[in-house]
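Open the model in your viewer and keep the selection tool at hand. We will go stop by stop, from the ligand outwards.

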Amino acid sequence: MSRQLLIITAPSGAGKTTIVRYLLGHFRQLAFSISATTRPKRDHETDGVDYYFLDHDTFQEKIRQHAFAEYEEVYPGRWYGTLRTEMDRLWNDDKCIVFDIDVLGALNLQSQYPEESLSMFIAPPSLEVLENRLRSRGTETPESLTARLQRAAMELERCNSFDQVIINDDLETACQKAARIVTAFLS
Ligand code: 5GP
């Protein structure tokens, strides 16, 4: 199989992770790219499954070693990146790699792999809906909520740079639309 990348991006809280999980459950050819991050692990997360949780110095050392295909300081002091070793691991297994990454990281990967990638932007119906979803998720402090909303506004402005835009006002409909797009991409 040729090397393929399915790049899924969205403002935080737009439902991206749920759609990614849905796609991974429906297509055997897909495999999730586990990112490295310096943000603290949440209770339900597992190191090496959801993320590779690294301390700040280890992350910076990997930047110097060019170990990342892309990386971003997504929030102040919170670094996220895609390890080249992770991509090779999945391609060696003949998988189409699924990326759940921020908008700038997605643009970066898309420009590195224009022929091999399909990019999908998941948009919330509005910033108000996004704010309500982030509040009800209960994972944010007032400061991190503000940071995520500010970043979301910047990210929404870039939605037209992607191959496909899916507006997530109904999760089931959005999942089905994403699945149709992936079916076409993989065939
Ligand atoms: P969270 O902290 O909610 O898990 O993720 C915050 C943001 O970082 C999300 O938009 C997520 O998609 C993004 N992200 C996760 N992994 C990576 C990565 O490897 N690279 C980049 N650029 N962003 C990432």
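The tour below starts at the ligand and then visits two sheets. Keep in mind that this is a predicted model.

**Stop 1: the ligand**

Select the ligand. Where does it sit? The ligand sits in the largest pocket. Now show the residues around the ligand: there are 17 of them. The closest are Lys 16, Arg 39, Tyr 51, Tyr 80 and Asp 102.

**Stop 2: polar contacts**

Add Ser 35. One of its polar side-chain atoms lies 2.7 Å from an oxygen atom of the ligand. Go to Asp 102 next. Here a polar side-chain atom is 2.7 Å from a nitrogen atom of the ligand. Then pick Gly 81, and look at its backbone rather than a side chain. A polar backbone atom of Gly 81 is 3.2 Å from an oxygen atom of the ligand. How much of the ligand's accessible area does the protein cover? On its own the ligand has 500 Å² of accessible area, and the protein covers 94% of that.

**Stop 3: strands around the ligand**

Select β5 (68-75) and β6 (78-83). Each supplies at least two residues of the shell around the ligand. Which element gives the largest share of the shell? That is β5, with four residues.

**Stop 4: the four-stranded sheet**

Widen the selection to the sheet that holds β5 and β6. Four strands form this open sheet, in the order β4-β3-β6-β5, and the pairing is mixed. At the edges stand β4 (51-53) and β5. Each has a single partner strand, so one side of each is left without a neighbour in the sheet. Neighbouring strands here are turned by 25° against each other on average, direction ignored.

Zoom in on β3 (residues 35-37) and β4. They pair in the parallel sense over three bridges. Ser 35 stands opposite Tyr 51 in β4. Both names are familiar from the ligand: Ser 35 has a polar side-chain atom 2.7 Å from a ligand oxygen, and Tyr 51 is among the closest residues.

**Stop 5: the five-stranded sheet**

Switch to the other sheet. Five strands make up this open sheet, ordered β2-β7-β1-β8-β9, with parallel pairing. Which strands stand at the edges? They are β2 (30-32) and β9 (164-167). Each has a single partner strand, so one side of each lacks a neighbour in the sheet. On average, neighbouring strands are turned by 25° against each other, direction ignored.

Finish at the β2 edge. Three bridges join β2 to β7 (residues 96-100), and the two run parallel. Select Leu 30, then look across: Cys 96 in β7 stands opposite.

Notes
Residues are numbered from 1 along each chain as its sequence is written. This is a predicted model: local features need pLDDT of at least 70, side-chain atom pairs count only at pLDDT 80 or more; totals for chains, interfaces and linings use all residues. Side-chain values use heavy atoms; hydrogens and water are left out. Two strands pair if DSSP finds at least two bridges between them. Axes are lines fitted to C-alpha atoms, for helices over the stretch in contact, and angles run from 0 to 180 degrees between N-to-C directions. A residue is near a molecule or strand if one of its heavy atoms lies within 4 Å of it. A polar contact is a pair of N or O atoms within 3.5 Å; within protein, one must be able to donate a hydrogen and the other to accept it, and residues adjacent in sequence count only if both atoms are side-chain atoms. Accessible areas come from the Shrake-Rupley method with a 1.4 Å probe; for residues, only the protein chains shown count as cover. On a 1 Å grid over the protein atoms alone, a cavity is a set of points where a 1.4 Å probe fits but cannot get out, and a pocket is an open set with protein on both sides within 12 Å along at least five of seven lines; lining residues have an atom within 4 Å of a point. A molecule sits in a cavity or pocket if more than half of its atoms lie within 2 Å of its grid points.
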